[in-house]
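This report describes a single chain together with its ligand. The surroundings of the ligand come before the fold as a whole.

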Amino acid sequence: INGNGNGNSKTNRSVNEPRAREEPRIGTHGKPLYTDLAGHPVEDDDNSLTIGESGTGLLEDARLLEKLAHFNRERVPERVVHAKGAGAHGYFEVTKDVSDICKAKLFSEVGKRTPIFARFSNVTGEAGFADTNRDPRGFSVKFYTEDGNWDMVGNNTPVFFIRDAIKFPDLIHSQKRNPQTHMKDPNAFWDFLSLVPESLHQVLITFSPRGVPDGYRHMHGYGSHTFKWVNQEGKAHWVKFHFLSNQGVKNLTHEQGVETAGINPDYAIEDLFQNIQNGNFPSWTFFVQVMPLEDAAKYKYDPFDLTKVWLHKDYPLREVGKMVLDRNVDNYFAEVEQSAFSPAHMPPGIEPSPDRVLQARLFAYDDAARYRLTGNYLQLPINSCPFAKVQNYARDGIMVTSDNGGPKPNYYPNSYEDLPKPDPAQKNITPYEHDSGVVDKKPFKRWVEDDDYEQPRMLWQKMSPEDQEQTAENIAGHIMGAADFIQKRQIEVFRKCDESLASKVEKALGEKKQSPEPYTMVA
Ligand code: HEM
């Protein structure tokens with residue numbers, strides 16, 4: 001980023017640029033000086049300090065001790081999900097006026113640019129996992145706006161496996177490693193999913209030809225949840241976010257994915273890096289679907305159910321702008337690994353919906369970042385917004401890198417006019433009417449059993465015969481690692497969706513059982 005956001009030109013410093021790019025210190029040899037971590041000159045970094053040429057080491061070799069000690073502390077916990085990913089900088093540019101529905105400053109005028117940092121990821125693999133496995137992909141974008149960061153933390157699918165966050169840890173456990181074998185476990189995968197048929201929509205997408213994107217440039221991104229946009233007059237709409245790839249959607253077949261995993265497990269990271277390096281900047285066009293608040297109670301699908309989409313014919317896509325990625329990171333750890341995205345980070349104009357999964361996510365991400373990167377993770381350059389000075393009364397904690405409020409009082413309310421005060425004119429949450437009732441644990445009010453099957457059925461019936469064959473093959477190749485009774489249960493889930501889905505999977509499964517491939521247990 002070149003600090004080129006015309007609306008964000010209050011500072012000359014661009015995102016994640018060191019505050020002072022100092023000239024290197026020069027040694028007596030006329031070259032940059034090697035120093036220890038505290039900045040002392042290092043005389044020799046090839047030999048440790050010993051008594052005599054073959055003598056023992058010495059505790060006074062502070063350089064050796066420091067080097068080994070620092071090395072031992074190089075790892076921070078990897079993300080519990082979405083651990084493997086790639087990131088890049090770029091900008092977002094408004095191409096269409098949406099000020100009638102959203103007052104967020106980043107959308108204030110056509111042509112306005114806002115610096116962004118995007119991270120794409122796999123979900124269930126660890127930091128060293130292959131990029132081309134069958135798995136949804138994460139699609140996170142951090143917009144550095146004048147009112148603080150907007151983190152759009154989405155996936156490459158418009159729906160998700162579950163509609164209530166309480167199932168999330170179990171969902172992820174069932175797709176990660178078996179507690180005994182430490183292998184991926186198709187039995188656990190299908191055991192959980194066959195007991196949770198609300199997952200079917202996401203399952204069909206994951207096993208369809210779209211389940212293995214050809215790198216991160218060739219996939220769409222979705223906010224997936226419903227969010228609320230509010231305009232200057234305080235009028236609100238429900239919205240869904242769509243980022244459509246201008247490179248087009250391209251996917252790998254199951255076989256290509258498996259082969260690439262062996263040849264180049266970092267395929268997607270490399271594809272993104274190389275293309276940006278070569279000036280072939282990937283871009284996505286940002287659209288919203290917009291629903292008047294009063295439609296929510298009437299629409300045929302519960303708009304706060306994360307397993308459902310809104311049909312485009314009911315709520316067409318409205319263009320907002322485009323995001324372009326045009327700068328690779330200088331340092332993967334500092335920028336990608338230390339980046340922390342949170343759905344709770346929204347500037348005025350963008351607000352949450354009552355979606356149960358979103359509500360939990362508003363808590364989960366900052367909590368995860370506090371564990372992974374400490375409580376002051378928002379002070380890290382990649383996470384702090386250079387255009388929105390942070391002014392509050394929070395102080396101290398591990399690794400303070402700001403001025404920590406300097407000499408100013410650290411409590412509120414206080415008697416000092418020149419200290420930060422809340423601004424009632426800037427609403428974080430716009431009031432709206434929603435359900436009220438008894439506090440209880442209940443499924444969605446408008447949920448009926450067929451709900452779990454209707455949209456997957458529409459998706460299945462819209463697929464070409466070739467895509468249907470591939471989807472059934474992909475499912476069969478995976479589910480054959482599950483126990484027979486689990487296979488049967490899941491096939492009945494497919495049958496409730498569409499008889500031809502069940503019979504195609506059964507047929508493919510029968511053929512695969514005749515001639516199993518080696519290592520079919522590996523998901
Ligand atoms: C990462 C929790 C559902 C997209 C994460 C992380 C946690 C988490 C703890 C790791 C964060 C970190 O260490 O920085 C949850 C919970 C969910 C949920 C509790 C449901 C209750 C979803 C959904 C989506 C999603 C529905 C997409 C629509 C992502 C993405 C990342 C992520 C993209 C990676 C962010 C990055 O690039 O750093 N999630 N998640 N998650 N999640 Fe979720």
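In this predicted model, 27 residues lie around the ligand, and those that come nearest are His82, Gly138, Ala165, Phe168 and Ser224. Four elements each give two or more residues to this shell, namely the strands E2, E3 and E4 together with helix H8; their residue ranges are set out below.

| Element | Residues |
|---|---|
| Strand E2 | 113–122 |
| Strand E3 | 137–145 |
| Strand E4 | 148–155 |
| Helix H8 | 356–373 |

The greatest contribution to the shell around the ligand is that of H8, which supplies eight residues. Sorted by class, the shell around the ligand consists of 14 nonpolar, nine polar and four charged residues.

Turning to the chain as a whole, twelve helices and ten strands are found. The radius of gyration of the chain is 26 Å, close to the 24 Å that the globule rule gives for 523 residues, and the chain is therefore as compact as a globular protein of that length. Along the principal axes, the C-alpha atoms of the chain fill a box of roughly 80 × 70 × 45 Å. Of the 523 residues in the chain, 39% count as buried, and among the contacts with a separation of 6 or more, 73% are between residues 24 or more positions apart.

As for annotation, an unreviewed UniProt entry lists residues 35–420 under "domain: Catalase core". Over residues 35–420, helix accounts for 21% of the chain and strand for 20%, while the C-alpha atoms at the two ends are 41 Å apart.

How values were computed: Residues numbered from 1 in each chain as written. Predicted model: local features only at pLDDT ≥ 70, side-chain atom pairs only at ≥ 80, totals over all residues. UniProt positions renumbered as here; feature names shortened; annotations may be inferred. Near = placed C-beta within 6 Å. Nonpolar A, V, L, I, M, F, W, Y, C, P; charged D, E, K, R; others polar. Rg over C-alpha atoms; globule rule 2.2 N^0.38 Å. Buried ≥ 20, exposed ≤ 12 C-beta atoms within 10 Å, placed from the backbone. Contact = placed C-beta atoms within 7 Å.
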